[in-house]
Amino acid sequence: MNTRNIVKLIFFGNYFYGICAVALSIEASLQQQYPLNDFVFYAALFAATTWYYTKAYITDQTSLTVNQRTNWYIHHKGFVSRSQRLLLSILVLCLVIFFVSNGKNLWPLKPLLVLRATIFPIVALLYYGIETKLIGNVNLRKIGWIKPFVIGFTWAGLVTVYPVVYYSIVHQVGGDINLIQLFLFVKNFMFVTVLCIMFDIKDYAMDYNRQLKTFVVHHGLRSTIFYILIPLSIAGLGSFLLYGYTRDFTIQRIILNTIPFILMLRVAYSLHRRKNILYYLILIDGLMLIKAICGSLGVIFF
């Protein structure tokens with residue numbers, strides 16, 4: 001297997017999202033001054049993230065298209081199916097180990113802790129759509145402008161809230177919400193939301209034809225870049241600088257944590273030209289991994 005095929009496997013197969021989820025959760029634990037969780041947590045996090053994203057791309061389509069990712073899934077349908085079964089098995093095994101080892105700690109749980117543990121999977125489920133007699137069909141993915149915020153909210157909960165909830169249950173400590181967790185949640189929420197708006201640019205033509213009112217369809221490419229993406233990136237950078245100043249961060253730590261925002265601005269500006277799908281997957285989604293690395297190094301060394 002050559003380098004290009006390996007890259008496609010990692011990014012088209014959504015394994016990179018699993019890596020980013022683990023890296024961002026490690027960053028969030030360090031920044032909230034919590035010890036890292038055990039291997040079971042990170043294995044479940046990786047498996048759940050990769051399985052969830054891949055489920056959206058599995059298709060019964062058999063004819064090749066102009067979409068590289070769709071073609072990759074057609075060519076590797078058997079491998080993807082086996083991978084999904086393995087990932088789901090890992091997730092179930094991790095959940096069994098967790099409940100067997102910590103069953104005694106699950107009762108009684110604080111209502112707020114239960115809410116923090118369940119709200120994000122529910123939102124993730126609503127994103128792909130559910131149909132019930134009580135509320136009918138709910139599919140947040142079809143509401144173009146809300147898509148980035150739903151994804152950003154779910155990711156922020158997954159990597160910011162879950163590490164604390166898991167550690168609190170396993171070690172029977174408080175795990176109460178504080179200002180640091182709230183700030184980090186909002187920062188991760190807005191960071192991922194901006195990346196999702198960038199990613200919608202890739203699907204502009206398809207979303208336009210489907211009349212899905214994403215930001216780029218509604219406002220146009222130039223306005224989305226210069227009046228939404230760049231201002232939000234600058235706002236995120238400014239809020240971090242203010243937070244770092246009030247928390248007496250060292251200059252080295254501040255510089256490290258500003259790198260992802262500066263790169264985000266650079267990538268946002270570059271989107272006025274049409275890009276290959278791997279550009280979006282590697283550079284845009286890669287900003288999540290860069291953010292996690294920079295944030296973790298800032299805590300460890302500075």
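Trainee: Let's start in the middle of things. Which helices are included in what covers the buried residues of α12?
Mentor: Keep in mind that we're looking at a predicted model. α12 itself runs over residues 251–270. The cover over its buried residues includes four stretches of helix from elsewhere in the chain: α2 (15–31), α8 (179–202), α11 (221–246) and α13 (277–301).

Trainee: And which residues of α12 are buried?
Mentor: Buried here means under 20% relative accessible area. By that cut-off, the list for α12 takes in a proline, Pro-260, and residues on either side of it in sequence. In full, it reads Arg-253, Ile-254, Leu-256, Asn-257, Thr-258, Pro-260, Phe-261, Met-264, Val-267, Ala-268 and Ser-270.

Trainee: Where does α12 bend?
Mentor: The bend is about 30 degrees, and a proline, Pro-260, follows within four residues. Even so, the 20 residues of α12 reach 28 Å from first C-alpha to last, close to the 28 Å expected. The bend itself sits at Ile-259.

Trainee: Back to two of those covering helices. Are α2 and α8 roughly parallel or roughly antiparallel?
Mentor: Their axes come within 10 Å of each other and cross at roughly 155 degrees. Angles over 145 degrees count as roughly antiparallel. So α2 and α8 are roughly antiparallel.

Trainee: Is that crossing left-handed or right-handed, and which residues make the contact?
Mentor: The crossing of α2 and α8 is right-handed. From α2, the contact uses Tyr-17, Glu-27, Ala-28 and Gln-31. On the α8 side, the residues are Ile-180, Leu-184, Lys-187 and Phe-199.

Trainee: What about the loop after α2: which residue there has a positive phi although it is not a glycine?
Mentor: Look in the loop between α2 and α3. The phi is about 60 degrees. With a relative accessible area of 67%, the residue is over the 50% mark and so is exposed. It's Gln-33.

Trainee: Which residue in the loop between α7 and α8 has a positive phi too?
Mentor: Here phi is near 55 degrees, again in a residue other than glycine. The residue counts as exposed because its relative accessibility is 58%, over the 50% cut-off. That one is Gln-172.

Trainee: How far apart in space are Pro-35 and Pro-163?
Mentor: Pro-35 lies in the loop between α2 and α3 and is partly exposed at 43%. Leaving aside neighbours within four places in sequence, it is in contact with Ser-29 and Tyr-167. In sequence, Pro-35 and Pro-163 are 128 residues apart, but C-alpha to C-alpha the distance is 9.5 Å.

Trainee: Is Asn-102 buried or exposed?
Mentor: Asn-102 lies in helix α5, residues 77–102. Not counting residues up to four places away in sequence, it touches Ile-169 and Val-170. Its relative accessibility is 8%, under the 20% limit, so Asn-102 counts as buried.

Trainee: Zooming out, what share of the residues in the protein chain is buried?
Mentor: The secondary structure comes to 13 helices and 2 strands. The chain has 302 residues, and the buried share is 48%.

Trainee: Last one: among contacts between residues at least 6 apart in sequence, what share joins residues at least 24 apart?
Mentor: You've already met one contact that links separate parts of the chain, between α2 and α8. For the protein chain, the share joining residues at least 24 apart is 76%.

Technical notes:
Residues are numbered from 1 along each chain as its sequence is written. This is a predicted model: local features need pLDDT of at least 70, side-chain atom pairs count only at pLDDT 80 or more; totals for chains, interfaces and linings use all residues. Side-chain values use heavy atoms; hydrogens and water are left out. The expected span of a helix is 1.5 Å times one less than its number of residues. The bend at a residue is the angle between axes fitted to the seven residues ending there and the seven starting there. Buried means under 20% relative accessible area, exposed over 50%, partly exposed in between (1.4 Å probe, protein chains only). Contact means heavy atoms within 4.5 Å. Axes are lines fitted to C-alpha atoms, for helices over the stretch in contact, and angles run from 0 to 180 degrees between N-to-C directions. Angles under 35 degrees count as roughly parallel, over 145 as roughly antiparallel, 65 to 115 as roughly perpendicular and the rest as oblique. A crossing is left-handed if the near helix is turned anticlockwise from the far one by less than a right angle, and right-handed if clockwise.
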